[in-house]
Amino acid sequence: MEIIRRKQLKEKPAAGTPLGFGHYFTDYMFTMKYTAEEGWHDAKIEPNEPKPFDLATSIFHYAQGIFEGMKAFRQPDGSIAVFRPDENWARMNRSATRMCIPNFPEDVAEEGLEELLKLDGGWIPTQPGTALYIRPTIVATRVMLGVHASTEYLFFIILSPVGSYYAHGLEPTKLIVEDHYTRATIGGTGEAKCLGNYAASMKAGEEAEEKGFDQVLWLDANEKKYVEEVGSMNMFFVIGGEVVTPALVGSILPGITRKSCIQVLKDKNIPVCERRISIDEVIAAQKNGTLDEAFGTGTAAVISPVGLIRYQGVDYAINGGKMGPITKMLYDTITGIQYGTAPDPYGWRKIVK
Ligand SMILES: *Cc1c(COP(=O)(O)O)cnc(C)c1O
């Protein structure tokens, strides 16, 4: 793979700087191009620097683009591990198919990522709870204003050292149930990690923040009755000892952290069920004392306890606003595998060689 080196490396954030999420970017990026004639080609690593684009480039107009999110972790022996990257490449190609983007070669993307991590390894933060966030993206790059699938694309991977996703760290989050706006409908693009989904969700997110909430809890678009997910996390509820997560009905993003948690729960013989769950059932369980825990799962936030849910103007506290035992077990298990401090019985750690 071609590597174009920088003349001078960037300055890294000083040790101890609060990283936040997505504020700092590394020295290099991976890029690959697509044209109808040549297919995917020109895979290389180059300095991460601004690129000029014609303002008629189709991504700016019709949002034909997709992304992924994964993390790399520094291991106790000094090596670098990525959590289940094959799952992300496969999902990215499913998103691509939904958005009329040609599928890319997953082995080339993986090789590019590993080369990039070797070059930028010095950017992996080491403070507890930090990681190097990986953002693979594909955007339509044809310069043309017709509403058609582009014939040219740019695939890139950029890297960002990150701290915890929420400013308050592992403190339980506060969610507000959204019963006006919708995120996704069945037959729409909710299952794909496509750019427009996030633009469509911002209005509700802003209004939630103004009211002092961290994120929106989305309901199904048709009946505003069933719990779907949170903007960047899948949802789990522990009700009477059973863990329930909304079934993947077509409008929910199939999270890899979600899938990993389900597997861990099954292997620990904790009852877990994927089914439709109504917001009324969640509220009824809170009222009768059987809603033990609620948490969200996602690469950015890992496992995030939910301490409070507001629905129709009423606040419902969960587990006294504290992290519950199943949430804690999953957090410890998943982060133990990621950071290399626990055994990895599933082979979920991919070590960069
Ligand atoms: C990325 C994402 C998730 C979490 O998926 P992971 O694979 O666990 O990171 C959940 N919901 C939405 C809408 C997402 O974009």
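In this predicted model, Lys 174 sits opposite Leu 308 of strand S16. That pairing belongs to a set of four bridges linking strand S9 to S16 (residues 302–311), and the two strands run parallel. On the S10 side, strand S9 is again held by four bridges, this time to residues 215–219, and here too the strands run parallel. One of the contacts with S10 pairs Glu 178 with Trp 218. To get from S9 to S10, the chain passes through helix H4 (residues 195–210), making a β-α-β crossover that is right-handed.

What about the surroundings of S9 itself? Strand S9 covers residues 173–178, and five of its six residues are buried, so the strand is largely enclosed by the rest of the structure. As a bit of background, side chains in a regular strand alternate between the two faces of the sheet.

Now for the cysteines. A disulfide is a covalent bond that ties together the sulfur atoms of two cysteines. With a cut-off of 2.5 Å between sulfur atoms, the model comes out with zero disulfides. Cys 194 shows how this plays out: the closest cysteine sulfur belongs to Cys 100 and lies 11 Å away, so the two are too far apart for a bond. Cys 194 has a relative accessibility of just 2%, and therefore counts as buried. For Cys 273, the closest cysteine sulfur is that of Cys 261, and the 16 Å between them is likewise too far for a bond.

How values were computed: Residues are numbered from 1 along each chain as its sequence is written. This is a predicted model: local features need pLDDT of at least 70, side-chain atom pairs count only at pLDDT 80 or more; totals for chains, interfaces and linings use all residues. Side-chain values use heavy atoms; hydrogens and water are left out. Buried means under 20% relative accessible area, exposed over 50%, partly exposed in between (1.4 Å probe, protein chains only). Two strands pair if DSSP finds at least two bridges between them. A crossover is right-handed if, with the strands pointing away from the viewer, the path from the first strand over the helix to the second runs clockwise.
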